[in-house]
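Q: Please take a close look at one part of this structure with me. I am new to it, so start with that part and then connect it to its surroundings.

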Amino acid sequence: MLAYVTYEDIHSLQAFHEQIVIAVKAPEETKLNVPPPKENSLTVHIKSTKGPIDVYLCEMKQDSTTDSLYEDTEP
């Protein structure tokens, strides 16, 4: 299965605002393991035997400039 998502696609989703989103691009049969969280930390293990894994970190902070822009354009 192939999927294509842009940073703007992720940023436009209100559910992700004020959170950190980690996007992973990996080959088929990549293994993902997330053990139970420990005190204020989260560990993620990703393993691939078929090629490289790309990981992208997207901080989803609300931009005050964007808020002002939308406020100025509303009727």
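A: Strand β1 gives the most to the nonpolar patch, with 3 residues. Before going further, please note that this is a predicted model, in which local features need pLDDT of at least 70, side-chain atom pairs count only at pLDDT 80 or more, and totals for chains, interfaces and linings use all residues. Residues are numbered from 1 along each chain as its sequence is written, and side-chain values use heavy atoms, with hydrogens and water left out.

The patch itself is made by I20, I22, V24, V55 and L57, and covers about 490 Å² of the surface. A patch gathers residues with over 30% relative accessible area and no salt bridge: like charges are joined within 9 Å, and nonpolar side chains (Val, Leu, Ile, Met, Phe, Trp, Tyr) within 5 Å. The areas come from the Shrake-Rupley method with a 1.4 Å probe, and for residues only the protein chains shown count as cover. Two strands, β1 (20-25) and β4 (54-59), each supply at least two residues of the patch. Strands here are DSSP runs of E with at least two residues, helices are runs of H or I with at least four, and both are numbered from the N terminus.

Let's walk along β1, starting with I20, a residue of this strand. Is I20 buried or exposed? With a relative accessible area of 55%, I20 is exposed. For these words, buried means under 20% relative accessible area, exposed means over 50%, and partly exposed lies in between (1.4 Å probe, protein chains only). K25 also belongs to β1, and K25 is exposed too, at 53%. Setting aside residues up to four places away in sequence, K25 touches P52, I53, D54 and Y56; a contact means heavy atoms within 4.5 Å. From K25 to Y4, the C-alpha atoms are 9.7 Å apart, with their positions 21 residues apart in sequence.

Just before this strand comes the loop between α1 (7-11) and β1, where we find Q19. This residue is partly exposed, with a relative accessible area of 42%. Which residues does Q19 contact, leaving aside its neighbours within four places in sequence? They are C58, E59 and M60. The C-alpha atoms of Q19 and E59 are separated by 6.5 Å, although these residues are 40 apart along the chain. H17 sits in the loop between α1 and β1 as well, but H17 counts as buried, at 15% relative accessibility. A polar atom of the H17 side chain lies 2.9 Å from the backbone oxygen of H11. This is a polar contact, a pair of N or O atoms within 3.5 Å; within protein, one must be able to donate a hydrogen and the other to accept it, and residues adjacent in sequence count only if both atoms are side-chain atoms.

On the other side of the strand, E29 is in the loop between β1 and β2 (31-33). E29 forms a salt bridge with K50, and their closest N and O atoms are 3.4 Å apart. The pair links distant parts of the chain, as K50 is in the loop between β3 and β4 and the two are 21 residues apart. A salt bridge needs a side-chain nitrogen of Lys or Arg within 4 Å of a carboxyl oxygen of Asp or Glu, and a search of the whole structure finds 1. Both partners, E29 and K50, are exposed.

The backbone at E29 deserves a glance too: its phi is near 65°, a positive value in a residue other than glycine. Most residues other than glycine have a negative phi. N40, in the loop between β2 and β3 (45-47), also has a positive phi, of about 55°, without being a glycine. N40 is exposed, with a relative accessible area of 81%.

Now for the whole chain. Along the sequence, the pattern is α-β-β-β-β-α, with 2 helices and 4 strands. Of its 75 residues, 7% count as buried. The chain exposes about 7,000 Å², and carbon and sulfur atoms supply 55% of that area. Among contacts between residues at least 6 apart in sequence, 57% join residues at least 24 apart.

Finally, a word on confidence. The chain averages a pLDDT of 79, and 77% of the residues score at least 70; pLDDT is the predictor's confidence in each residue, from 0 to 100. Over residues 64-75 the pLDDT stays under 50, and the model has 1 contact beyond four places in sequence for them.
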